[in-house]
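The exercises below concern the pockets of one protein model and the ligand placed in it. Please work through each task with the structure open before reading its solution.

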Amino acid sequence: MTTSLCDDRFISISENLKKIRDDISEAAIKSGRKPEDVKLMAVTKTVDVKYINYAITQCGIDLIGENKVQEFLSKKDDLKLEGIEKHLIGHLQTNKVKKIVPFVDMIQSVDSFKLAKAISDEASKLGKTINVLLEINIGDEESKTGFDKAAFTESLYEISELPSIKVKGLMTIPPVCDTPSEAEKYFSVMSDFYNEIKEGNYPNFDFNILSMGMSGDYKEAIIHGSNLVRIGSSIFGARIYK
Ligand SMILES: *Cc1c(COP(=O)(O)O)cnc(C)c1O
């Protein structure tokens, strides 16, 4: 029997997911939690809709993340999204807020007061509340988006008074590290920071999501308290940018 290349890709997606779920369970237990306490997001940027639909309908994926507004909007009508949670995880320009707000359940990449306000204003117009995460540039890297910790502290009160967003937690992408264990110090700092803010009493904050960990470092992120891992290439294979 011959299998086509594309069949092989379907098989590898389901095998990859099995391994990732085992790893997640193990790391969750190691960190004193239950496997179901850590949520798995399939990151679908550059991935063809047929593979995304396979992961959704055949492999139990119920949370997807896309980076780009335009890419998500062009794919969404072909995706089997009923009952599926959709998050925007890439940098968002304020002029695109209007386009994406009606279609996603959460925006994980809020990195300025200006953007938070634009989202809140748009949500107000639609008569709803939008869930967001605040993205922290934990390595203080020039090249990265995300609040640096000082700017974050300054904006905290302003953000907490925006009427139509609900801040559910924090997201981060640590600096590129040579080894996953090097990333651990960033995850640990992030985790402390998350807990500190969670303790605070901010009007529209309802902290229960710490989104950190990607293909190369999700086990370490979970050990340090992540409860949402965003995984792309380890599920779908290496990305091909057109
Ligand atoms: C692409 C991306 C991911 C997934 O990266 P992988 O290394 O392929 O798992 C996670 N989070 C964000 C914000 C991304 O842009």
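## Exercise 1: the largest pocket

In this predicted model, the lining of the largest pocket comprises, by class, 18 nonpolar, 13 polar and 12 charged residues. Determine the volume of the largest pocket, and identify which residues of its lining are the closest to its centre.

Solution. Begin with the volume, which for the largest pocket is about 990 Å³. The lining is made up of 43 residues, and those closest to the centre of the pocket are Val43, Lys45, Asn67, Arg239 and Tyr241. Turning to secondary structure, at least two lining residues come from each of helix H3 (69-75), helix H7 (180-199) and strand S8 (228-231). Among these elements, H3 gives the most to the lining of the largest pocket, namely four residues.

## Exercise 2: the ligand and its shell

Establish in which pocket the ligand sits, and describe the residues that surround the ligand.

Solution. The first step is to place the ligand, which sits in the largest pocket. The second step is to list its surroundings, where a residue is included if one of its heavy atoms lies within 4 Å of the ligand; the shell consists of Val43, Lys45, Asn67, Ile89, Ile173, Met214, Ser215, Arg230, Ile231, Gly232, Ser233 and Arg239. Sorted by class, this shell holds five nonpolar, four polar and three charged residues.

The third step is to examine individual atom pairs. A side-chain N or O atom of serine 215 is 2.5 Å from an oxygen atom of the ligand, and a side-chain N or O atom of asparagine 67 is 2.7 Å from an oxygen atom of the ligand. With glycine 232 it is a backbone N or O atom that lies 2.8 Å from a ligand oxygen atom. As for burial, the ligand taken alone exposes 390 Å², and the protein buries 90% of that area.

## Exercise 3: the second largest pocket

Find the volume of the second largest pocket, and state which helix gives the most to its lining.

Solution. The second largest pocket has a volume of about 150 Å³, and its lining is formed by Arg21, Ile24, Ser25, Pro35, Val38, Lys39, Leu40, Gly60, Ile61 and Asp62. Helix H1 (5-30) and strand S1 (39-43) each supply at least two of the lining residues, and H1 gives the most, with three residues. By class, the lining of the second largest pocket divides into five nonpolar, two polar and three charged residues.

Technical notes:
Residues are numbered from 1 along each chain as its sequence is written. This is a predicted model: local features need pLDDT of at least 70, side-chain atom pairs count only at pLDDT 80 or more; totals for chains, interfaces and linings use all residues. Side-chain values use heavy atoms; hydrogens and water are left out. A polar contact is a pair of N or O atoms within 3.5 Å; within protein, one must be able to donate a hydrogen and the other to accept it, and residues adjacent in sequence count only if both atoms are side-chain atoms. Accessible areas come from the Shrake-Rupley method with a 1.4 Å probe; for residues, only the protein chains shown count as cover. On a 1 Å grid over the protein atoms alone, a cavity is a set of points where a 1.4 Å probe fits but cannot get out, and a pocket is an open set with protein on both sides within 12 Å along at least five of seven lines; lining residues have an atom within 4 Å of a point. A molecule sits in a cavity or pocket if more than half of its atoms lie within 2 Å of its grid points. Ala, Val, Leu, Ile, Met, Phe, Trp, Tyr, Cys and Pro count as nonpolar, Asp, Glu, Lys and Arg as charged, and the others, Gly among them, as polar. Grid points are joined across faces, edges and corners, and a volume is the space filled by probe spheres set on the points.
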